[in-house]
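I opened a fresh page today to see how this chain packs. My plan was to start at one helix and follow the contacts from there.

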Amino acid sequence: MDKALLIKNICRLLKDGKRQDCIDFANKKYPFIENLPQKRQYSKYQMCKVFLNDGFIDRYSGDKLIFPGLIKILTIEFPDIFKYHRNWKMSETHMIYWELFPTIDHLIPIARGGQDSEDNWITTSMIRNSAKSNWTIEEIGWKLHDKGQLNNWDGLINYFIDLTNINQDYAKDNYVKDWKTGLLKAMDELNKLGKNK
């Protein structure tokens with residue numbers, strides 16, 4: 001559907017003094033779709049399920065992503081290198097948090113009629129999530145990449161688990177602890193379903 005031509009038709013009708021026809025045409029062919037904002041917050045377990053399902057692959061770029069808990073461990077160990085700002089201020093946060101940190105995005109944006117459900121959730125990086133905003137991938141010229149396979153790339157979750165088992169002090173950080181709890185629960189569920197390859 002050529003939306004510019006729809007507007008041309010509305011303008012033609014308006015020029016001919018057919019205001020109600022404009023309204024009817026616009027409501028039928030190019031309606032306003034109201035979507036009231038919803039507060040969306042996902043548990044670490046929900047996010048881990050999506051990340052594991054997608055094989056820690058950014059579904060918009062095909063790039064490999066790193067497990068968030070491991071990124072935080074790098075910040076704990078090397079705070080002057082992997083800097084982090086609690087409000088993600090870009091000038092004070094290392095780009096690893098934007099480029100390699102996975103997050104959930106809605107393939108069809110909520111603001112565009114998409115549902116806030118697992119079948120509309122995909123893994124992407126923070127930077128691509130921010131760039132995509134409320135656009136569809138067709139509108140910005142992106143494509144959806146295939147899911148990854150955990151046996152090819154696992155987001156370095158095994159390093160995360162090993163490091164947290166070796167150094168119990170990491171568990172004192174609630175952020176690391178919450179990610180580990182969510183990961184282990186999601187992995188356990190995945191193993192029970194026989195999907196962990």
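**Entry 1: helix H3.** I began with H3, where Tyr45, Met47, Cys48, Val50, Phe51 and Leu52 are buried. I kept in mind that this is a predicted model. Next I asked what covers the buried residues of H3. The cover includes H4, strand S1 (102–106), S2, H7 and H8. Tyr45 has a further partner: the charged end of Lys185 sits over its ring, 4.2 Å from the centre. Just after H3, I noted that Gly55 takes a positive phi of about 65°.

**Entry 2: Phe56.** I moved on to Phe56, in the loop between H3 and H4. Its phi is near 55°, a positive value in a residue other than glycine. Is Phe56 buried or exposed? Phe56 counts as buried because its relative accessibility is 0%, and the cut-off for buried is under 20%. I then listed what Phe56 touches, leaving out residues up to four places away in sequence: Phe51, Asp63, Lys64, Leu65, Ile66, Phe67, Pro102, Leu150, Trp153, Asp154, Gly155 and Ile157.

**Entry 3: the cores.** Which residues of the largest nonpolar core touch the most other members? I found Leu52, Phe56, Phe67, Ile104, Ile157, Phe160 and Leu183, out of 34 residues in that core. The elements giving two or more residues to this core are helix H3 (44–53), helix H4 (68–77), helix H5 (96–99), H7 and helix H8 (174–193). Apart from it lies another core, of five residues, with Leu6, Ile10, Cys22 and Phe25 among them. I added a reminder for myself: in soluble globular proteins, nonpolar side chains tend to be buried together.

**Entry 4: Trp153.** Trp153 was on the Phe56 list, and I looked it up next. Trp153 is placed in the loop between helix H6 (126–132) and helix H7 (157–166). Leaving aside neighbours within four places in sequence, Trp153 is in contact with Gly55, Phe56, Ile57, Lys64, Leu65 and Ile66. The separation from Ile57 caught my eye: 96 residues in sequence, but 8.2 Å in space from C-alpha to C-alpha. I also checked for a polar partner, and the side chain of Trp153 reaches the backbone oxygen of Leu65 at 2.9 Å.

The H6–H7 loop also holds Ser133. Here again I met a positive phi in a residue other than glycine, this one near 50°. Ser133 is partly exposed, with a relative accessible area of 38%.

**Entry 5: aromatic pairs.** How many aromatic pairs does the structure hold? I got 15. In one of them, the rings of Tyr42 and Trp121 have centres 4.8 Å apart and planes at 65°, so the pair is edge-to-face. Tyr42 lies in the loop between helix H2 (19–29) and H3, and Trp121 in strand S2 (residues 121–125), so this pair ties together parts that are 79 residues apart in sequence. Tyr42 is buried at 17% relative accessible area, and Trp121 is buried at 9%.

Tyr175 and Trp179 form another edge-to-face pair, 6.2 Å centre to centre with 70° between the planes. They are four residues apart in helix H8, so about one helical turn separates them. Tyr175 is partly exposed at 27%, whereas Trp179 counts as buried at 2%. Ring pairs also link these two with Phe51, Phe56, Phe67 and Phe160 into a cluster.

I noted one more ring contact: the charged end of Arg128 sits over the ring of Trp142, 5.1 Å from its centre.

**Entry 6: strand S2.** Trp121 led me to its strand. Five of the five residues of S2 are buried, so the strand is largely enclosed by the rest of the structure. Trp121, Thr123 and Ser125 point one way, and Ile122 and Thr124 the other. That fits the rule that in a regular strand the side chains alternate between the two faces of the sheet. S1 and S2 run antiparallel and are joined by five bridges. Thr103 stands opposite Thr124 in S2.

**Entry 7: Thr164.** My last stop was Thr164, found in helix H7. Thr164 is buried, with a relative accessible area of 5%. Its contacts, not counting residues up to four places away in sequence, are Ile73, Tyr170, Val176 and Lys180. With Lys180, a polar contact of 2.9 Å joins the side chains.

Definitions and conventions
Residues numbered from 1 in each chain as written. Predicted model: local features only at pLDDT ≥ 70, side-chain atom pairs only at ≥ 80, totals over all residues. Heavy atoms only, no water. Contact = heavy atoms within 4.5 Å. Polar contact = N/O pair within 3.5 Å; in protein donor to acceptor, adjacent residues only side chain to side chain. Core = buried A, V, L, I, M, F, W, Y, C linked by side-chain atoms within 4.5 Å. Buried < 20%, exposed > 50% of the residue type's maximum accessible area, 1.4 Å probe, protein only. Phe/Tyr/Trp six-rings, centres within 6.5 Å; stacked < 30°, edge-to-face > 60°. Lys NZ or Arg CZ within 6 Å of the ring centre and 35° of its normal. Pairing = 2+ DSSP bridges.
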